[in-house]
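Here is my note on the structure, written for someone meeting it for the first time. Please keep the sequence and the 3D view open side by side while you read the points in turn.

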Amino acid sequence: MQLGMVGLGRMGANMTRRLMRGGHQLVVADRSADLVKQLSGEGAGESSSLPDLIAKLKPPRAVWVMIPAGEPTEQTVQKLAENMQAGDSIIDGGNSYFKDDVRRAKQLKGKGIHYIDVGTSGGVWGLERGYCMMIGGPDGAVQRLDPIFKTLAPGVGEIARTPGREKLGGTAEQGYIHCGPSGSGHFVKMVHNGIEYGMMQAYAEGFDIFKNATSKELPEDIRYDLNLPDIAEVWRRGSVVSSWLLDLTAMALTENPTLSEYEGYVQDSGEGRWTIQAALEEAVPADVLTAALYVRFRSRQQHTFAEKMLSAMRQKFGGHVESGAPKKKSA
């Protein structure tokens with residue numbers, strides 16, 4: 001299929017590459033002419049502007065927006081809509097707030113333009129591993145774009161089949177699902193990221209306890225100088241707490257057991273806050289997820305080894321850099 005890709009950052013560029021490897025034709029756009037030129041050199045069609053990108057696509061067009069949520073996405077979607085026609089589709093693959101999706105979908109429906117929200121997980125590893133996708137939008141438009149989603153998704157791979165799953169059908173085993181109408185994809189991804197906060201916090205606190213097991217406040221006979229890389233590694237082998245996050249944790253600890261390259265200043269990208277807001281609106285207790293979010297707030301005031309663990313995990317799965325951290329004073 002033919003697809004336009006707007007945004008060639010960490011994920012957009014690799015999604016473009018994965019789609020081209022799968023035989024799809026990509027036309028790309030980005031504020032950076034250098035990034036456009038780089039992907040053009042790898043086989044993508046280049047464009048100089050959003051109208052130019054749209055002009056180079058054949059109806060019915062589909063354009064995937066992979067840029068920061070909020071005003072950048074809002075402006076891009078509106079600009080695309082000005083130049084697209086009935087039957088075309090705009091796909092927002094970023095981390096937009098699901099209520100914004102509902103509003104945009106209603107607005108674009110009046111023009112006959114389909115709006116599809118895709119919660120996308122996979123980070124900097126997606127080029128090789130594939131991207132887990134949670135999709136919201138009208139049935140027909142989602143079905144038409146299924147070849148795109150199927151190529152981006154991880155596929156069945158080597159993961160053992162859930163017993164009884166063969167009776168259910170669908171695309172979940174391939175690594176992508178159509179969750180429902182507009183907004184539902186980003187709603188599911190939002191809660192996914194809220195859960196991610198909680199899982200990361202649990203690992204971080206556990207390893208902080210291990211690190212402080214040598215504390216002089218403890219009786220000498222229960223002080224333990226533990227090998228953190230070895231603990232992370234052994235848990236990867238048959239433990240019930242094994243996960244990809246643990247894999248990345250083991251990687252970070254193997255590279256540097258003290259995580260000295262991290263300040264422990266942990267950002268939150270919005271989805272955790274929105275998850276807690278949804279829990280409040282639904283009157284659902286979310287103790288763990290709320291506490292994990294508050295720890296991130298606290299990390300910007302004081303840092304522990306647990307916060308360094310969180311920073312390390314964020315860097316490993318998403319390439320996130322500790323932006324906003326106070327600079328170290330030179331000696």
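1. To begin with a single acidic residue in this predicted model, E233 counts as partly exposed, because its relative accessibility is 25%, a value that falls between the 20% below which a residue is called buried and the 50% above which it is called exposed. The side chain of E233 meets that of R237 in a salt bridge, with N and O 2.5 Å apart. R237 itself is exposed, its relative accessible area being 58%.

2. Some background helps in reading such pairs: side chains of opposite charge can pair when their charged atoms come close. A search through the whole structure finds 19 salt bridges. One that deserves a look is the bridge between the side chains of E281 and K99, at 2.8 Å from N to O. This pair links distant parts of the chain, since E281 belongs to helix 12 and K99 to helix 5, with their positions 182 residues apart in the numbering. E281 is partly exposed, with a relative accessible area of 46%, and K99 is likewise partly exposed, at 36%.

3. Helix 5 also holds a salt bridge of its own, formed by R103 and D100, whose closest N and O atoms are 3.5 Å apart. Why are R103 and D100 separated by about one helical turn? The reason is that they stand 3 residues apart in helix 5. R103 is partly exposed at 37% relative accessibility, and D100 is partly exposed with a relative accessible area of 25%. Both residues belong to a network of salt bridges that links E74, D92, D100, D101, R103 and R104.

4. Helix 4, which covers residues 71–83, is worth following from end to end: its 13 residues reach 19 Å from the first C-alpha to the last, close to the 18 Å expected at 1.5 Å a residue. The buried residues of this helix are T73, E74, T76, V77, L80 and A81. Their packing partners are strand 1 (2–6), helix 3 (50–55), strand 4 (62–65), strand 5 (89–92), helix 5 (98–109) and strand 6 (114–121). E74, listed among the buried residues of helix 4, is also a member of the salt-bridge network.

5. The packing between helix 4 and helix 5 can be examined from the other side by selecting L108, which has its place in helix 5. Is L108 buried or exposed? L108 is buried, because its relative accessible area is 1%. Once its neighbours within four places in sequence are left aside, L108 is in contact with V77, A81, I90, I113 and Y115, and of these V77 and A81 are among the buried residues of helix 4. As a further distance to check, L108 and Q85 are 23 residues apart in sequence and 10.0 Å apart in space, from C-alpha to C-alpha.

6. S47 lies in the loop between strand 3 (45–46) and helix 3, and this residue is buried, with a relative accessible area of 10%. The side chain of S47 reaches the backbone oxygen of V28 at a distance of 2.7 Å. Leaving aside neighbours within four places in sequence, the contacts of S47 are V27, V28, A29, V36, D52, L53 and K56.

7. Three places in the backbone deserve a careful look. The peptide bond from P59 to P60 is cis, with omega near -10°, and P60 is in the loop between helix 3 and strand 4. L259 has phi near 50°, a positive value in a residue other than glycine; it lies in the loop between helix 11 (244–255) and helix 12 (271–282) and counts as buried, at 0% relative accessibility. A283, which is not a glycine either, has a positive phi of about 55°; its loop runs between helix 12 and helix 13 (287–299), and A283 counts as exposed, at 68% relative accessibility.

8. Finally, which residues form a nonpolar patch on the surface? They are I222, Y224 and L226, which together have about 260 Å² of accessible area. L226 is found in the loop between helix 9 (184–211) and helix 10 (228–235), and it counts as partly exposed, at 35% relative accessibility.

How values were computed: Residues numbered from 1 in each chain as written. Predicted model: local features only at pLDDT ≥ 70, side-chain atom pairs only at ≥ 80, totals over all residues. Heavy atoms only, no water. Helix = DSSP H or I, 4+ residues; strand = E, 2+ residues; numbered from the N terminus. Expected span 1.5 Å × (residues − 1). Buried < 20%, exposed > 50% of the residue type's maximum accessible area, 1.4 Å probe, protein only. Contact = heavy atoms within 4.5 Å. Patch = residues over 30% accessible without salt bridge, like charges linked within 9 Å, V, L, I, M, F, W, Y side chains within 5 Å. Areas by Shrake-Rupley, 256 points an atom, 1.4 Å probe, with all protein chains shown as cover. Salt bridge = Lys/Arg side-chain N within 4 Å of Asp/Glu carboxyl O. Polar contact = N/O pair within 3.5 Å; in protein donor to acceptor, adjacent residues only side chain to side chain.
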